[in-house]
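Biologist: Could you take me through this model, with cut-offs stated as they come up?

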Amino acid sequence: MQRTGAVKLGELLSLYVDEVRLRDSFVSIDVEQAWRKAVGLKAAAATSSSYFKDGILYCNISSSIIRNQLHYQTAGIISDINAMLGSDTVRKIVLR
């Protein structure tokens with residue numbers, strides 16, 4: 001008996017991730033990891049929480065001094081994160 005319609009495992013997993021709507025969660029995790037690499041240890045430690053939605057990365061920064069420094073560097077941070085991800089995923093960063 002021959003197989004018809006065989007699908008590669010990678011394609012099957014991709015279809016499954018899309019079907020159960022996990023793709024956005026995976027992208028969010030990648031963006032948050034790239035954020036930590038792009039801003040460094042001190043700023044990452046000062047980030048109390050962050051989440052990614054619709055191209056915007058929202059970050060709560062516990063230190064007003066670090067938040068102010070990051071505010072002036074947002075354009076560079078966005079380009080660093082997008083370079084790490086290999087696409088223009090992050091359009092804006094909101095620091096709180």
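The questions below go from confidence to fold to core.

Modeller: Residues are numbered from 1 along each chain as its sequence is written. The model is predicted, so local features need pLDDT of at least 70 and side-chain atom pairs 80 or more, totals for chains, interfaces and linings use all residues, and side-chain values use heavy atoms, without hydrogens and water.

Biologist: Which element has the lowest mean pLDDT?

Modeller: pLDDT is the predictor's confidence in each residue, from 0 to 100. The protein averages 91, and 97% of its residues reach 70 or more. Among the elements, E3 has the highest mean, 97, and the lowest, 81, belongs to helix H1 (residues 9-19).

Biologist: What is the radius of gyration of the protein?

Modeller: The pattern along the sequence is α-α-α-β-β-α-α-β, with helices (H or I, at least four residues) and strands (E, at least two) taken as DSSP runs numbered from the N terminus. For 96 residues the globule rule (2.2 Å times the number of residues to the power 0.38) gives 12 Å. The protein is more spread out than a compact globule, because its radius of gyration, over C-alpha atoms, is 18 Å.

Biologist: Which element gives the most residues to the largest nonpolar core?

Modeller: A nonpolar core joins buried (under 20% relative accessible area, 1.4 Å probe, protein chains only) Ala, Val, Leu, Ile, Met, Phe, Trp, Tyr and Cys residues through side-chain atoms within 4.5 Å. The largest has 19 residues, with Trp35 and Val90 among those with the most contacts inside it. Contributors of two or more residues include strand E2 (56-61) and helix H5 (74-85). The most, four residues, come from H2.

Technical notes: Buried means under 20% relative accessible area, exposed over 50%, partly exposed in between (1.4 Å probe, protein chains only).
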